[in-house]
Structures are given as C-alpha cells and as structure tokens.
Amino acid sequence: MERPLTPHLRRGVALIAGIALTGACSAAAQLAPPAARPGGAHPSAAHAAALWRADPARGTADFEGTETKPGTVRVADDPTGRHGKSFALHTSGDKLDGPTRVRVETRGHRTANGPLRFSREGDVVYVGWRSMWGPLPTKKGDWVVLWQLKDYGPGAATPPLSLRARGDGTVDLEYCDPQLKTTRLWQAPIALNTWHDFVLGIKVSKDPARGWVRLWHDGATQQLPGGSEQYPAATLRASWVTDKWGVYRSDGIKGPATAWLNSPAVGGRYADVAPKG
C-alpha cells in the first residue's frame, strides 16, 4: 500500500508543482539551488527544463530584440572549437552620432507565450550563460558593460545589476540601489579570448530587504560583500527588468569589439541554467 507523504514531502511536492509562468510570462517563484560542494564549487547537473533558452539554430528569434548601434548579432562556430554554434556580437566601435553610445546587445527573452520579463515581487530566477570577449578595448576610468539586468517602464534609470570591464584588467558585478548608489559586489581578472561561465541567482523585489543576488563564476559560488554568498538588493526597478548581453560602452573607448555568447538560459534553479561542461 502506498504510504502517505510526510508534511515535509508534501511541502516539497507543492513547491515543485508551483513552478510556472504566469501573466505575460512573469517568472514564477522557484526552488533554491542544491548545496555547493566544499570549497564553493557548485555540483554539476544535467540540464532541467528551463523557462527560456536561446537556440542558435533559430538565429536571434529567441531574443526579444537586438540593439546594433552600430553592429551585428550573428550565429557562428565557436572560434576555440569547444562549444559549437554561438552568438557573435560585433561592433566596429564607430559612433553613429554624438549622443548615441556604442552598443551591440541582445535584449530580453522571447517565448511561445510572449516575452519573459521579471516583474513579480518575490519571484526567484537564475540566469546562466557562457561569455568570451575579444577584441575588447578598454580604458582606465571608462567602462564596458558586458551584461545588464536592465529596467524598463516609467521610472527606468540605471540598471540594478551590470557586469563591467573597467580598463584596469578586471571585470566586476556592480549593484545600483534605488538611490543610484553603486556597490561592487564581485571582481576578478578579465581574460580575453577565453570562455567563462556565469550564473546569477536573483530574487525579484523593489525592496532591498527582500530581494537578493547570488553569483557563480566558472561553477564556483562567489563571496559577495560581507563575506556572504547572498547579497540583499533591490533587483526590480520601474515596471520590469530583463537581461541584455553584448557590448555597451562609455564614449572614451575606441575601436572594434566582439562579445561571444553561448548557452544563455533562464530558469528556476541553478541546474536549469548552468552551462554544460
């Protein structure tokens, strides 16, 4: 005879059953990732069902849009021969006009049910991808944004989260709070022409006491300010936020740049989105 579920298991089943998209594909509340191995390395896992994944076979159709000012977004073979078809985002670096900053980026996530946007208080989502950059001119005192959690709608201002190259040989994850105060959550040396994996865990909230951010780099959990693996943050701004990958830079930097993107995905768990290998 089948035994009834214990209260603990009933809660687990109910939580799993609650994973869903609602409304215009708002990301639903999700399970937390499995525990990390000693030393901070996250256990590898086979891909589970993701809320969104960009398939290079579909070109750029899985993105809500692209922004080429100027530039191109195309599918090409990984020049290192390791990861197959990838997205190549290239800009000549020549400004279109005085007010327009150089950028070549993907924007957002398109699904069969409409755009996937992060807009619901309390949702937890994980964003994973693999990036390689080169050429990537930088300049000390200027910046190049390589990934953004960008805000849209009334009140949009500065993205809550940005991955930036600073021209000092580093790349960092920057948090901007609702008062536009910025904090560097993480920093590492930047290596060009080499693939690196990223996973961001994000609890969606306009309240910095409720929202949070987590980061894995090359499969390892990263410590954020205060020595914690989870940093409190207001991750929702304006009406909604969504991801942008590519190159967006300040005016002091000249020359062509290319950002390679592989395995971009959004899901409810680390295992849904962590790049294979």
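This is a short walk through one protein chain, from its overall make-up to its strand pairing, its cores and cavities, and a few backbone details.

Let me say at the outset that we are looking at a predicted model, and that every value I quote is computed from that model. The protein chain contains two helices and 18 strands, and of its 277 residues 49% count as buried. If we take the contacts in the chain with a separation of 6 or more, 67% of them are between residues 24 or more positions apart.

I will begin with strand 5, which covers residues 103-107 and is mostly covered, with four of its five residues buried. Which strands pair with strand 5? One of them is strand 2, residues 65-69, which runs antiparallel to strand 5 and is joined to it by five bridges; within that pairing, Thr68 is found opposite Val104 of strand 5. Another is strand 17, residues 240-249, where the pairing is again in the antiparallel sense and again extends over five bridges, and here Thr106 stands opposite Trp245 of strand 17. As a general remark for reading such pairings on the screen, side chains in a regular strand alternate between the two faces of the sheet.

Turning to the interior, the largest nonpolar core has 47 residues, and the members that touch the most others are Phe118, Trp129, Trp147, Leu163 and Trp186. Apart from that core there is another, made of nine residues, which include Val124, Val199, Trp216 and Ala265.

Now to the empty space. Rolling a probe the size of a water molecule over the atoms shows where such space is left. How many cavities of 30 Å³ or more does this model have? The count comes to two.

The largest cavity holds about 40 Å³ of space, and its lining consists of Trp133, Val171, Trp186, Pro189, Ile190, Ala191, His196, Phe198 and His217. Strand 12, residues 182-189, and strand 13, residues 196-203, are the elements that give two or more residues to that lining. By class, the lining of the largest cavity divides into seven nonpolar residues, two polar ones and no charged ones. Trp186 therefore appears in two parts of this account, as one of the core residues touching the most other members and as a residue lining the largest cavity, where the core rule counts buried residues.

The second largest cavity also has a volume given as about 40 Å³. Around it we find Leu89, Ser131, Trp133, Leu146, Trp245, Gly246, Ala259, Trp260 and Leu261, so to the reader following on the screen I would point out Trp133, which is in both linings, with lining residues having an atom within 4 Å of a cavity point. At least two lining residues come from each of strand 8 (124-133), strand 17 and strand 18 (257-267), and strand 18 supplies the largest share, with three residues. The lining of the second largest cavity has seven nonpolar, two polar and no charged residues.

I would like to finish with the backbone. Most residues other than glycine have a negative phi, and most peptide bonds are trans. Against that background, the peptide bond from Lys69 to Pro70 is cis, with omega near -10°, and Pro70 is located in the loop between strand 2 and strand 3, residues 72-77. The bond from Gly134 to Pro135 is likewise cis, with omega near 0°, and Pro135 belongs to the loop between strand 8 and strand 9, residues 144-152.

Where does Leu180 lie? It is in the loop between strand 11, residues 170-176, and strand 12. These two strands pair in the antiparallel sense over seven bridges, with Glu174 having Arg184 in strand 12 as its bridge partner, and they form a hairpin with five residues between them, in whose turn Leu180 has a positive phi of about 70°. With a relative accessible area of 47%, Leu180 is partly exposed.

Asp218, which is not a glycine either, has a positive phi of about 55°. Its place is in the loop between strand 14, residues 212-217, and strand 15, residues 220-221, and at 40% relative accessibility Asp218 also counts as partly exposed.

How values were computed. Residues numbered from 1 in each chain as written. Predicted model: local features only at pLDDT ≥ 70, side-chain atom pairs only at ≥ 80, totals over all residues. Heavy atoms only, no water. Buried < 20%, exposed > 50% of the residue type's maximum accessible area, 1.4 Å probe, protein only. Pairing = 2+ DSSP bridges. Core = buried A, V, L, I, M, F, W, Y, C linked by side-chain atoms within 4.5 Å. 1 Å grid on protein atoms, 1.4 Å probe; cavity = no way out; pocket = protein on both sides within 12 Å on 5 of 7 lines; lining within 4 Å. Points joined across faces, edges and corners; volume = space filled by probe spheres on them. Nonpolar A, V, L, I, M, F, W, Y, C, P; charged D, E, K, R; others polar. Contact = heavy atoms within 4.5 Å.
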